[in-house]
Amino acid sequence: MFLKNIQIRNFKNHYASSFDFEKGANTVIGENDSGKSNAMQAIRILLDSEYFYNNKRLKESDFSRELGNWKGHWIIISATFADITSEDKKNEVCVSLIPEEEDETFLKSHIRCKNEDYGTITLFIRPNSNVRKKLVDAKDSDEFDAIRNGITLLDYEFFYTSRAQTDFLDDSVYKKIVGDLDNGECTNPENDNEAILGGKATITDIWQHISVVFIDALRDVESELRKPKNPLRRAFDVIQDEISSLEKEDIENKIIELNKTIAKIGQVSDIGKNLNDKLNEIVGLIYSPDINIESKLKADIQSLSKYLSISPSGFNDIDLLGLGHLNILYIALKLVEFEYRKNHEILNIMIIEEPEAHIHIHIQKTLFDNLNVIENYTQIIMTTHSTHLSEIADISRVNVLKSVSVNSYSSATRAVVMKPTNGLDRFAEENGISVPSSVSVTACLERYLDAKRSALLFSKGVILVEGDGEEILLPALVENAFGVSLDEIGISVINIGSVAFDYIASIFSEERLQRCCAIVTDSDTYLKDAKKSKENASKLGESRKAKLDALSESNPWIKPFYADYTFEVDFSNISENLWYIEEVIKSTYKYEKVVQGHLDNLAGTQTERYDEVLNLAENMGKGWYATVLSSVIDVNVYIPEYLVKAIAFASQEIVNTSILRKMAAHMLKTYEGADINKLTISLSKTDNNVIGVIDECFKTIDNNDPFLVYYNYLKELGAINE
């Protein structure tokens with residue numbers, strides 16, 4: 001049995017989130033404040049008895065800000081467990097989680113794996129029945145609002161159920177459960193539907209058989225190991241019954257003898273004598289009790305276990321270990337505890353926040369690999385910022401989080417949970433993305449993305465390119481033309497190293513990664529009489545275009561952008577860029593006559609320029625050509641339009657007025673005149689409307705300026721409001 005799915009409704013920035021997990025080690029990654037810690041907290045509220053007893057303090061901030069008025073709304077946290085085996089079902093608690101009849105819709109949407117049986121536990125943090133009944137009985141909207149606004153956190157209860165097979169993230173289902181509070185409607189508690197909510201469960205019984213441990217990123221390991229109920233003591237509690245009676249008796253006799261020996265020490269008995277003398281002085285012989293000083297070390301095994309401690313070889317105390325070793329030691333000790341307790345519990349879950357804390361890169365990877373093989377008795381859920389861990393995590397075991405604004409009128413954000421492999425194999429089959437029959441598209445991507453994973457999963461937007469030239473030169477073009485780096489706006493350029501874009505692009509969709517992915521590729525249009533132009537390449541370009549257009553037609557997260565010819569040729573077809581290529585020629589060739597011949601070709605007909613640029617790039621190597629070219633370009637460079645639009649598409653979710661202001665100010669530096677000075681001054685005033693100032697630029701500046709092309713396309717995409 002393992003935790004397969006968690007639904008979180010209305011908890012902090014998780015307005016409606018669903019996480020899928022697998023056996024073994026799972027990873028939750030995401031940018032800062034995307035909701036990773038909130039999700040782990042929700043799991044603990046439901047399943048961790050220690051957290052419940054120590055932190056059962058509901059706060060207003062626990063409710064999603066997206067709700068507006070939280071009063072009367074419910075927080076719902078629901079866990080689905082899969083692969084409940086016949087062995088698991090020997091435990092009555094396990095059986096109590098399993099629905100009497102399977103719901104095919106729920107099975108398809110929340111399990112998505114082969115299993116023997118599945119079960120659910122759900123927590124409803126909701127107003128008590130008295131409050132809900134008052135809302136139901138309200139005579140009019142004014143009375144309803146008055147009762148609702150009088151609700152406090154003290155009016156809320158924690159109600160647990162099992163066997164629910166409900167999509168609590170569905171707004172229509174939520175209204176059936178709670179009512180439409182903003183329109184004066186509340187459900188009657190007398191009509192609570194067990195078929196939807198599940199049957200009432202005794203959570204304390206469940207907690208006895210599901211163990212959850214939380215390892216904080218900022219944990220004080222030394223302090224944790226010194227607690228009475230540390231992992232070493234818990235492991236000992238399990239095995240103490242296995243110690244033979246002869247060994248226990250031997251230890252007991254030795255402790256009794258030790259107690260006697262301590263009591264006979266002269267200095268110890270002197271304390272007793274002095275104490276009796278002092279009592280005689282104070283109250284006299286008649287009223288003074290006779291006192292003995294004795295050693296009272298307990299002789300039972302359980303009491304002695306609190307003296308067990310860890311002393312690393314070569315050190316007198318764990319205090320001398322570094323933070324990294326202490327973290328590793330604590331994780332290992334918890335796993336040892338789980339292994340000892342696995343016959344007493346049906347599931348162990350270890351939640352680790354940022355396991356990379358204080359741990360060297362290579363140890364991070366080794367730790368993750370070894371955590372990944374303990375699925376027989378422990379399920380791991382880790383949150384991480386580590387690109388190294390994300391690169392080695394199975395992509396099918398990764399949940400990716402991003403944070404999106406609820407609307408332009410509120411600062412509230414919503415966590416969006418994305419599963420890169422969700423429905424991927426089915427999608428590939430439906431769209432003719434073929435792989436060898438012995439493997440799946442998911443498995444192929446797993447291997448391919450080993451080197452690209454961190455860029456793909458952590459980026460806010462992605463540009464896929466087919467070669468070294470684009471990968472090297474594109475970041476330099478953006479920084480020079482726009483005055484910002486791609487890193488600054490969270491865009492990654494990923495070199496596919498071929499034209500097989502459909503495999504990687506299929507990850508980006510509403511079902512999987514909701515990131516804007518621009519595909520940049522060459523059309524290789526046939527240019528008659530150009531020696532380097534091939535008619536067959538042009539036909540392949542047309543075929544590729546048809547395939548990519550079909551792939552992106554109904555997918556708002558993917559869009560292809562095509563060079564008319566090739567990246568190098570299209571860059572050279574902009575007259576303002578020829579100077580940079582001339583500089584590359586001058587720095588590459590030694591003899592003046594040879595240099596002049598190349599310069600003449602560059603300044604010749606379109607056909608001559610086409611062959612010259614491609615010959616130059618191929619002779620130098622396209623990667624090295626791009627490297628040299630990137631070292632000579634400056635703020636006056638022009639970026640081909642298809643590339644500008646690709647950048648705009650990839651960045652449309654990220655761009656804001658601050659970024660636009662910085663880009664526009666950089667653009668204005670390349671122009672002169674009184675009108676430009678006025679625009680610059682106007683743009684520098686932070687209280688001015690940035691959009692209005694940029695719109696004014698179109699009256700003064702060449703509309704082919706890369707920034708203005710970028711700005712116009714963002715408007716076309718709807719990323720900029722008028």
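Which handedness, left-handed or right-handed, does the crossing of helix 31 and helix 32 have? Select the two helices, residues 674–684 and residues 690–697, and the crossing of helix 31 and helix 32 turns out to be left-handed, a term used if the near helix is turned anticlockwise from the far one by less than a right angle, with right-handed used if clockwise. What you are viewing is a predicted model, in which local features need pLDDT of at least 70 and side-chain atom pairs count only at pLDDT 80 or more, while totals for chains, interfaces and linings use all residues. Residues are numbered from 1 along each chain as its sequence is written, and side-chain values use heavy atoms, with hydrogens and water left out.

**The whole chain**

With everything displayed, the secondary structure comes to 33 helices and 16 strands, taken as DSSP runs (helices H or I, at least four residues; strands E, at least two) and numbered from the N terminus. Of the 722 residues, 51% count as buried, where buried means under 20% relative accessible area, exposed over 50% and partly exposed in between, with a 1.4 Å probe and protein chains only. Among contacts (heavy atoms within 4.5 Å) between residues at least 6 apart in sequence, 76% join residues at least 24 apart.

**Helices 30, 31 and 32**

Return to the opening pair: helix 31 and helix 32 pack at an angle of about 170°, with their axes 9 Å apart. That makes the two roughly antiparallel, the classes being roughly parallel under 35 degrees, roughly antiparallel over 145, roughly perpendicular from 65 to 115, and oblique for the rest. The axes are lines fitted to C-alpha atoms, for helices over the stretch in contact, and the angles run from 0 to 180 degrees between N-to-C directions. Show side chains, and Leu-679, Ser-682 and Leu-683 of helix 31 meet Val-690, Val-693, Glu-696 and Cys-697 of helix 32. The residues of this contact divide into five nonpolar, one polar and one charged, with Ala, Val, Leu, Ile, Met, Phe, Trp, Tyr, Cys and Pro counted as nonpolar, Asp, Glu, Lys and Arg as charged, and the others, Gly among them, as polar.

Keep helix 32 and add helix 30, residues 657–668, whose axis comes within 10 Å of that of helix 32 and crosses it at roughly 30°. Helix 30 and helix 32 are therefore roughly parallel to each other, and helix 30 passes helix 32 in a left-handed crossing. The contact is made by Thr-657, Leu-660, Arg-661, Ala-664, Met-667 and Leu-668 of helix 30 with Val-690, Ile-691, Ile-694 and Cys-697 of helix 32, and its residues divide into eight nonpolar, one polar and one charged.

**Helices 21 and 28**

Next select residues 468–482 and residues 622–632, which are helix 21 and helix 28, with axes that come within 7 Å and cross at roughly 10°. Helix 21 and helix 28 are therefore roughly parallel to each other. On helix 21 the contact involves Asp-468, Gly-469, Ile-472, Leu-473 and Ala-476, and on helix 28 Lys-622, Gly-623, Ala-626, Thr-627, Leu-629 and Ser-630; these residues divide into five nonpolar, four polar and two charged.

**Salt bridges**

A search of the whole structure finds 31 salt bridges, each being a side-chain nitrogen of Lys or Arg within 4 Å of a carboxyl oxygen of Asp or Glu. Start with Lys-12 and Asp-62, whose side chains meet at 3.9 Å, N to O. This pair links distant parts of the chain, 50 residues apart, with Lys-12 in the loop between strand 1 and strand 2 and Asp-62 in the loop between helix 2 and strand 4. Asp-62 counts as buried, at 5% relative accessibility.

Move to Asp-83 and Lys-23, which form a salt bridge at 3.6 Å, N to O. Asp-83 lies in the loop between strand 4 and helix 3 and Lys-23 in the loop between strand 2 and strand 3, so the pair ties together parts that are 60 residues apart in sequence. Asp-83 is buried, with a relative accessible area of 16%, whereas Lys-23 is partly exposed at 31%.

Then select Arg-148 and Asp-182, a salt bridge whose closest N and O atoms are 3.0 Å apart. Arg-148 counts as buried at 4% relative accessibility, while Asp-182 is exposed, with a relative accessible area of 55%. Finish this group with Arg-126, Arg-132, Glu-157 and Asp-192, which are linked in a network of salt bridges.

**Last stop: Ser-492**

Ser-492 is found in strand 14, residues 491–495, and is buried, with a relative accessible area of 15%. Add Ile-463, which is 29 residues from Ser-492 in sequence and 6.2 Å from Ser-492 in space, C-alpha to C-alpha.
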